[in-house]
Amino acid sequence: MPVCALCDRTVKKITRHHLVPKQKGGTDEDVIFVCQPCHKTLHATFSNTELVQTYNTLQQLRAAEPLQRYLKWIRKRDIEHLRVRRRKH
């Protein structure tokens with residue numbers, strides 16, 4: 001079973017997250033594989049501009065202050081899908 005690159009949980013399905021969003025020039029070579037809850041949370045938390053300028057590596061995402069509370073929470077959960085509200089950018 002696959003492991004999420006962000007939360008390190010073993011999950012049934014993972015998705016591709018472009019470290020540089022395709023709308024900002026990203027390619028299929030710069031991706032990480034994350035679970036659906038992490039993927040939705042990334043895009044709900046950060047704008048594409050923030051992802052390009054500040055959070056374009058796995059290390060930067062893992063260290064991102066806005067994600068720390070979420071990562072601590074999700075690592076203890078056995079969930080595959082999550083509804084996430086987008087914050088206003």
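A residue counts as buried here when its relative accessible area is under 20%, as exposed when it is over 50%, and as partly exposed in between. By that yardstick, buried residues make up 39% of the 89 residues in this protein. Keep in mind that we're looking at a predicted model.

**The overall picture**

Walking along the chain from the N terminus, you meet the elements in the order β-β-α-α-α-α, which gives two strands and four helices. A compact globule of 89 residues would have a radius of gyration near 12 Å, and the protein has 12 Å, so the two agree. The C-alpha trace spans about 35 × 25 × 20 Å along its principal axes.

As for how the chain comes together, take the contacts between residues at least 6 apart in sequence: 60% of them join residues at least 24 apart. On the outside, the accessible surface comes to about 5900 Å², and carbon and sulfur atoms account for 49% of that. There are 18 positive and 8 negative charges, and their mean positions lie 9 Å apart.

**Helix H1 and its neighbours**

H1 covers residues 36-45 and is mostly covered itself, with eight of its ten residues buried. Those eight are Gln 36, Pro 37, Cys 38, His 39, Thr 41, Leu 42, Ala 44 and Thr 45. What do the buried residues of H1 pack against? Both strands and three helices turn up, as the table shows.

| Element packed against by the buried residues of H1 | Residues |
|---|---|
| Strand E1 | 15-18 |
| Strand E2 | 31-34 |
| Helix H2 | 48-53 |
| Helix H3 | 58-63 |
| Helix H4 | 68-74 |

**Two residues up close**

His 39 is a good place to zoom in, and it sits in helix H1. Its relative accessibility is 17%, so His 39 counts as buried; the cut-off for that is under 20%. Leaving aside residues up to four places away in sequence, His 39 touches Thr 15, Arg 16, His 17 and Val 34. With one of these, Thr 15, there's also a polar contact, made side chain to side chain at 2.8 Å.

Now hop back to the segment before E1, where you'll find Asp 8. Is Asp 8 buried or partly exposed? Its relative accessibility is 45%, so Asp 8 counts as partly exposed. The backbone is worth a look too: Asp 8 isn't a glycine, yet its phi is positive, at about 65 degrees.

Conventions. Residues are numbered from 1 along each chain as its sequence is written. This is a predicted model: local features need pLDDT of at least 70, side-chain atom pairs count only at pLDDT 80 or more; totals for chains, interfaces and linings use all residues. Side-chain values use heavy atoms; hydrogens and water are left out. Buried means under 20% relative accessible area, exposed over 50%, partly exposed in between (1.4 Å probe, protein chains only). Contact means heavy atoms within 4.5 Å. The radius of gyration is taken over C-alpha atoms; the globule rule is 2.2 Å times the number of residues to the power 0.38. Accessible areas come from the Shrake-Rupley method with a 1.4 Å probe; for residues, only the protein chains shown count as cover. Lys and Arg count as positive and Asp and Glu as negative; His and the chain ends are not counted. The place of a charge is taken as NZ of Lys, CZ of Arg, CG of Asp or CD of Glu. A polar contact is a pair of N or O atoms within 3.5 Å; within protein, one must be able to donate a hydrogen and the other to accept it, and residues adjacent in sequence count only if both atoms are side-chain atoms.
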